[in-house]
Amino acid sequence: MATKNLSEYNSQTVPDASNMIFGIVVAEWNPEITGALLDGCVSTLEKHGALPENIHVKTVPGSFELIYGARQMTLNDGYDAVIVLGSVIRGETPHFDYICEGVTAGIARLNATSSVPVVYGLLTTNDLQQAKDRAGGRLGNKGDECAVVAIKMAKF
């Protein structure tokens with residue numbers, strides 16, 4: 001269980017993002033959650049200087065497709081960092097496990113092989129309330145955290 005607010009960080013340790021270009025690929029599945037993650041992410045990028053025209057958002061149908069979307073962004077668009085945002089909520093079948101493992105392995109592989117950092121913003125929760133808690137609720141917004149990570153990794 002998360003014990004820290006995902007939106008809390010020392011803003012003085014975040015580099016200026018005014019000269020950076022970000023790609024964000026967001027899953028359409030669970031739009032209430034992924035939309036909130038996207039809003040937090042974009043807001044935090046802009047808070048640290050990223051220009052709106054340098055934040056490019058593309059959507060994919062579901063979380064598994066985040067891998068392909070992120071890969072295309074790392075290859076074609078000159079981004080300083082790519083952020084993936086999605087939400088998988090446990091159901092009654094093992095589908096949850098397969099999707100979570102597949103996306104995690106795919107994003108890890110991209111990070112190991114790409115010259116562009118790919119930031120993992122996939123919520124994997126047991127229920128809708130846990131997702132809401134991490135998408136602007138009582139535990140902050142994972143989108144904020146991903147934006148900060150992307151800025152720091154782009155500067156790396």
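This dialogue walks through the fold, the cores and the surface of one predicted model.

Reader: How many helices and strands does the protein have, and which pattern do they follow along the sequence?

Author: A first step is to list the elements and then their order. In this predicted model there are five helices and six strands, and read along the sequence they follow the pattern β-α-β-α-β-α-β-α-β-β-α.

Reader: Why is the protein said to be as compact as a globular protein of that length?

Author: One sets the radius of gyration beside the value from the globule rule. Here the radius is 14 Å, close to the 15 Å that the rule gives for 156 residues, so the protein is as compact as a globular protein of that length. Along its principal axes, the C-alpha trace spans about 45 × 35 × 25 Å.

Reader: Which residues touch the most other members of the largest nonpolar core?

Author: A nonpolar core is a set of buried residues of certain kinds, joined through side-chain atoms within 4.5 Å. The largest one here has 25 residues, and those touching the most other members are Phe22, Ile24, Cys41, Leu45, Ile83, Leu85 and Ile151. Two or more residues come from each of β1 (22-27), α1 (31-47), β3 (81-89), β4 (118-125) and α5 (142-155). Apart from this core lies another, of 20 residues, including Leu66, Tyr79, Val88 and Leu122.

Reader: What does Ile83 touch, leaving out residues up to four places away in sequence?

Author: Among its partners are Gly23, Ile24, Val25, Cys41, Leu45, Val119 and Cys146.

Reader: What share of the residues counts as buried, and how much area does the protein expose?

Author: Of the 156 residues, 46% count as buried, while the protein exposes about 8000 Å², with carbon and sulfur atoms supplying 52% of that area.

Methods. Residues numbered from 1 in each chain as written. Predicted model: local features only at pLDDT ≥ 70, side-chain atom pairs only at ≥ 80, totals over all residues. Heavy atoms only, no water. Buried < 20%, exposed > 50% of the residue type's maximum accessible area, 1.4 Å probe, protein only. Helix = DSSP H or I, 4+ residues; strand = E, 2+ residues; numbered from the N terminus. Contact = heavy atoms within 4.5 Å. Rg over C-alpha atoms; globule rule 2.2 N^0.38 Å. Areas by Shrake-Rupley, 256 points an atom, 1.4 Å probe, with all protein chains shown as cover.
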